[in-house]
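Work through these exercises with the model open beside you. Try each task before reading its solution.

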Amino acid sequence: MPAPNLTCPDAGLRVTFVGTGEALDPDLANTSLLVQGARTLLLDCGYAVPHALWALTRDPDLLDGVYLSHLHADHAFGLPALLLWMRLSGRTRPLQIFGAGTTAAGALKIAERGYPGSFEASKCYPLEVVSLTEGTPHAWGGGTLEVAASDHARMPNSAVKITRHGVSAMYSGDGRPTAGTEALARGADLLVHECFGDTEAGTPPAHVSLDEVLALAERAQVRQLCVLHHEARLRETIRARVTDLAGARSFSLTSPAAGDTLVVPPSSAPGEAAP
Ligand SMILES: [Zn+2]
């Protein structure tokens, strides 16, 4: 795989898929994205994500922040290794850890549980926990971060939308759409949504099917939809349906693979997929 371009784009947003798998996919790293505007944000950091990220970059200073949608292992348990690697690779500049409510503070506790004492201020670059609140946009990097809670059973999960100069990319994390996540998705240039199941009937209640994600994207009038985090045994079935359905939608539709990059441009033109 050629080295991806991970410099911040002059305009718009670049999204690079680090991993696209569900929790227990034997072949794919956990779902994680790099979103780059004026700053670089990693969205979710499950246990398989550090190695997937290291396949793309060995730069300990690349990230300005990490956003955790929730604290399930496949979304947060890679944080101890990622944070420690950055420290031991010479990072000195601060890193912000974002999450809704207490999620970011909980993520830092997971890191400290993994490597006790390693992230003390005397040893580590500054780690700043930033708690985001639904309904209150957080100014960041010349744009905003906004969150909305999904319906994810016992584990609170919040989707996040990054907006820069009117260009927006939203990532669902896990869970079913709510009025809040649908409002957040409205008019988004890019929606990246978990799609664990194929049809609604066979999908567990804390997750979403392709049919439901398509309906959400139609209602919210997004411009591009990427679906990922497919249940491993259904992955090829869902991808085949995505290929079949892609041409018949009002938005572009893909099921990306790790290493894929998408540039969301600052115009009203559909996004270009970079090789
Ligand atoms: Zn998950």
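**Exercise 1.** What should the 12 residues of helix 4 span at 1.5 Å a residue, and how far apart are its end C-alpha atoms?

*Solution.* The model is predicted, so treat every value as computed from it.
- Step 1. Take the rise of 1.5 Å a residue; the expected span of the 12 residues is 16 Å, because the rule multiplies the rise by one less than the number of residues.
- Step 2. Check the model: the end C-alpha atoms of helix 4 are 17 Å apart.
- Step 3. Compare: the two values agree.

**Exercise 2.** Which residues of helix 4 are buried, and which are exposed on the other side?

*Solution.*
- Step 1. Apply the cut-off: a buried residue has 20 or more other C-beta atoms within 10 Å of its own.
- Step 2. In helix 4, Thr103, Ala104, Ala107 and Ala111 are buried.
- Step 3. These buried residues cover an arc of only 100° around the axis, so they sit on the same side of helix 4.
- Step 4. Turn to the other side of helix 4: Lys109 and Arg113 are exposed there.
- Step 5. Look for the cover over the buried residues of helix 4. It includes helix 2 (73-76), helix 3 (79-88), strand 5 (95-100) and strand 6 (127-132).

**Exercise 3.** Place Glu112: is this residue buried, exposed or partly exposed?

*Solution.*
- Step 1. Locate the residue: Glu112 belongs to helix 4, residues 103-114.
- Step 2. Count its neighbours: 16 other C-beta atoms lie within 10 Å of Glu112.
- Step 3. Classify: a buried residue needs 20 or more and an exposed one has 12 or fewer, so Glu112 is partly exposed.
- Step 4. Find Pro177, 65 residues from Glu112 along the chain. Their C-alpha atoms are separated by 32 Å.

**Exercise 4.** Which residues touch the most other members of the largest nonpolar core?

*Solution.*
- Step 1. This core holds 73 residues; Val66, Met170 and Leu190 touch the most other members.
- Step 2. Ask which element gives the most to this core: helix 6 (residues 210-220), with 6 residues.
- Step 3. List what Met170 touches beyond four places in sequence. Among these residues are Ala159, Val160, Leu184, Leu190 and Val192.
- Step 4. Recall the general tendency: in soluble globular proteins, nonpolar side chains tend to be buried together.

**Exercise 5.** What radius of gyration would a compact globule of 275 residues have, and what does the protein chain have?

*Solution.*
- Step 1. The globule value is near 19 Å.
- Step 2. The protein chain has 17 Å, which agrees.
- Step 3. Add the burial: 47% of the 275 residues count as buried.

Conventions: Residues are numbered from 1 along each chain as its sequence is written. This is a predicted model: local features need pLDDT of at least 70, side-chain atom pairs count only at pLDDT 80 or more; totals for chains, interfaces and linings use all residues. The radius of gyration is taken over C-alpha atoms; the globule rule is 2.2 Å times the number of residues to the power 0.38. Helices (H or I, at least four residues) and strands (E, at least two) are DSSP runs, numbered from the N terminus. A nonpolar core is a set of buried Ala, Val, Leu, Ile, Met, Phe, Trp, Tyr and Cys residues joined through C-beta atoms within 7 Å. Two residues are in contact if their C-beta atoms, placed from the backbone, lie within 7 Å. The arc is that of the directions from the helix axis to the C-beta atoms.
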